[in-house]
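Student: Could you take one part of this structure and go through it closely with me? I would like a single connected explanation that I can follow while looking at the picture.

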Amino acid sequence: MEKMNERVEMKERYLVDAYKMKEYERIYSRIQELGLANDPVINNSLKIMSVFSHNKEVFERERARILQIVQAKEIEQQLKGHPFVPEPVGTEVSGEIKLGICKGSNAWFGLSLKPELEEGALVTGRKGSGKTTLCYLLSRGASKLGTHTLTFEVKLEGRNQIANNKDTLVFRCDMTHDWFKYNFLEVPEGVDPLSKISDVSDITEESYEYYVGTSSYIAYHIYELYKRNGIFEGSKNFPTPWDLYWKIEKDRKSLITRDARYRESALNRLNSILLRMGKAFNYKIGYQIEKLLDDCNIVMELDNLGKKGRIFLISLILAQIFRYRISNPNKKHKAILVIIDEANEIYDRRLDEMTGGLTVCSLDRQAREFGICMVYACHDPEGMPRSVINDVHTQILLSLPGGTSLKRMSESMFLDTEQKEYDYQLKPGEGIVRRAGHPHPFLVKFFPHTLPQRIGDEEVQKHMQSLIAELD
Ligand SMILES: Nc1ncnc2c1ncn2[C@@H]1O[C@H](COP(=O)(O)OP(=O)(O)OP(=O)(O)O)[C@@H](O)[C@H]1O
Ligand SMILES: [Mg+2]
C-alpha cells in the first residue's frame, strides 16, 4: 500500500507530459493485472521513469526494460501448460544471422558466427523436415556478413547459390568434369609435412574398410616420396596421389613379406578414389581450398563418389583447412561456415568408435577457435559420433521419426517426456532448439524459403569457365 501511494505521488509530482503520463498509467495497470507489482526490477524502473521523465532516452530505456518483463509474463500466462515455457523474449536468442522466430513469444531467433556457430551447430530431422532450407538460411546470412561458405552435398541443391552469388565455385567431383584440381599430398603453407603424412594416412585407413596397419604402410611411402622430392627442405615439388599409387604398385619386396596385405589394401583404396577422381588428382599444385575460402563460396558436389569416397575426400579437405589454421595461429583467419548437408554420409559412429575417434573429429575440436563454423545436417543422429551430437553449441531438432534417434536427441538436449513427444507435432520448418548458455529448450518457426529448381550442368559449366580462368 505504501509503495502504491509512493508511486501515485511520484507520478503526480514528476510526470507532466501527457504521453508519458498515459504510458506510465497503462504500464502500471498492466503490471498490477499480471501480479508484478512487487517485482524489484520493475519498481526500480518505474521510479527512474518518473523521476527522469524529462529525459526521453532514460524514460524509453526503462519503459523497454519493464515491457520485456511484462511480455515474458504475458507469454507465460498464454502458454500455461505448454511444454516449452518459459519462452525466450526480447533479444535473448537473437544472434546476428536471423533464422526465424520463437513460436510463442515471437522473439527473434538467430545465431552469431562468434561464439555460437564457431562452437558448432547440429540440425537434425527426417527427410523433408527443412534441414537444407535452414542450411541455406545460414549460408545466406553468413554471406551478408561477408563470410564465405563451404558446402559439401550430394543432392545438387547448393549449386543454386550461383544465381545470387557470382563468387561461388561449384566443384563436381567425378571423372567427367576436369575443372577441379586437388592434390591431397600438397603441404599447405606453415604446415609440418609430417602432420600432413599422418592426416592423409589415417584418413585413408579410416575411410575405407578398416584394416589396421595400412596407415603406417601408406605413411612410410608418402614419407619416402617427400624425402625424394625434398619436401622436408621446403621444396614445392609435391608428389601427386598418382605418384603414391605407382610407388606402392612397384613395391615388389612387399610381395614376399607380411606387408603384402597392407600393400594390397592401400592399392585398393587408392585405386578406388583414383578411378572416380583421377583427373582432379593429377596435379602437383591444386586449388588451395583453405585460401580460396577467403574470397569465394565453394560447393563440393559429391554424389558420384560413393560413400567411402565421400568420407575420404571431405575428411581430407576438412583436415587440410583445420590443419592450416591450427598451424598458422598468428594469421588473421576470416571466419568460414562449413555446411555438411547429409552429414550421416561422413560422420559414421561405427567408424568413429572402431578407430578410437575419426581424425576429422579430433581436428575439428582443435580448430574451433580458428574461425571455422561447422554446421552438421543429418537425418539420423543415432548414426553420428557422440562427440558431434553432444559437443555443439546449438542443437536444432526438427521433426524426427520416433525410435532411437529421437531418444538420442531428447537425451542429448535434456528434453522432458512432454517436450520429446511434442516433436511429433512439428511441421516442416519448425524445430526445438537447445543452445549453450540458455537455460531451456524452445520452439522456433524458421523462415520459409523455396529452394529453386535445380540449375542444369550446362549453366554450372558456363559459370565455372570464367571463374576457373581466373584461378589458373
Ligand atoms: N522454414 C520452412 N517453412 C515452411 N516450410 C518449409 C520450411 N523449410 C522447409 N519447408 C518445406 O519442407 C520442404 C523440404 O525442405 P528441405 O528440402 O529443406 O528438407 P530436408 O530436411 O533437407 O529434406 P531431405 O532430407 O529430403 O533433404 C520444402 O520444400 C518446404 O516445402
Ligand atoms: Mg536436404
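Tutor: In this predicted model, T151 of strand 4 has V299 as its bridge partner in strand 6, and that is a good place to begin. The two strands, strand 4 and strand 6 (residues 297-301), pair in the parallel sense over four bridges. Strand 4 also pairs with strand 7 (residues 336-340), again in the parallel sense, and here the pairing runs over five bridges. Within that second pairing, T149 of strand 4 stands opposite L337 of strand 7.

Now consider the faces of the strand. In a regular strand the side chains alternate between the two faces of the sheet. In strand 4, H148, L150 and F152 lie on one side, while T149, T151 and E153 lie on the other, and the residues of both sides are all buried. Buried here stands for a relative accessible area under 20%. Because six of the six residues of strand 4 (residues 148-153) are buried, the strand is largely enclosed by the rest of the structure.

One of the partners of strand 4 leads on to a backbone feature that deserves a careful look. The loop between strand 7 and helix 13 (349-354) contains E342, which has a positive phi of about 60° although it is not a glycine. Most residues other than glycine have a negative phi, and most peptide bonds are trans. E342 is buried, with a relative accessible area of 11%. F414, in the loop between helix 16 (403-412) and helix 17 (417-422), also has a positive phi, near 50°, and is likewise a residue other than glycine, but F414 is exposed, with a relative accessible area of 65%. A peptide bond of the cis kind joins K114 and P115, with omega at about -5°, and P115 has its place in the loop between strand 2 (108-111) and strand 3 (121-124).

Finally, turn to ligand 1, which has 16 residues around it, and among these G128, K131, T132, T133 and K155 come nearest. Helix 5 (residues 131-144) gives the most to this shell, with three residues. An N or O atom in the side chain of T132 is 2.8 Å from an oxygen atom of ligand 1, and a backbone N or O atom of S129 lies 3.2 Å from an oxygen atom of the ligand. A polar backbone atom of F446 is 3.2 Å from a nitrogen atom of ligand 1. Of the 630 Å² of accessible area that ligand 1 has on its own, the protein covers 72%.

Notes:
Residues are numbered from 1 along each chain as its sequence is written. Chains are lettered from A and ligands numbered from 1 in the order in which they are written. This is a predicted model: local features need pLDDT of at least 70, side-chain atom pairs count only at pLDDT 80 or more; totals for chains, interfaces and linings use all residues. Side-chain values use heavy atoms; hydrogens and water are left out. Buried means under 20% relative accessible area, exposed over 50%, partly exposed in between (1.4 Å probe, protein chains only). Two strands pair if DSSP finds at least two bridges between them. A residue is near a molecule or strand if one of its heavy atoms lies within 4 Å of it. A polar contact is a pair of N or O atoms within 3.5 Å; within protein, one must be able to donate a hydrogen and the other to accept it, and residues adjacent in sequence count only if both atoms are side-chain atoms. Accessible areas come from the Shrake-Rupley method with a 1.4 Å probe; for residues, only the protein chains shown count as cover.
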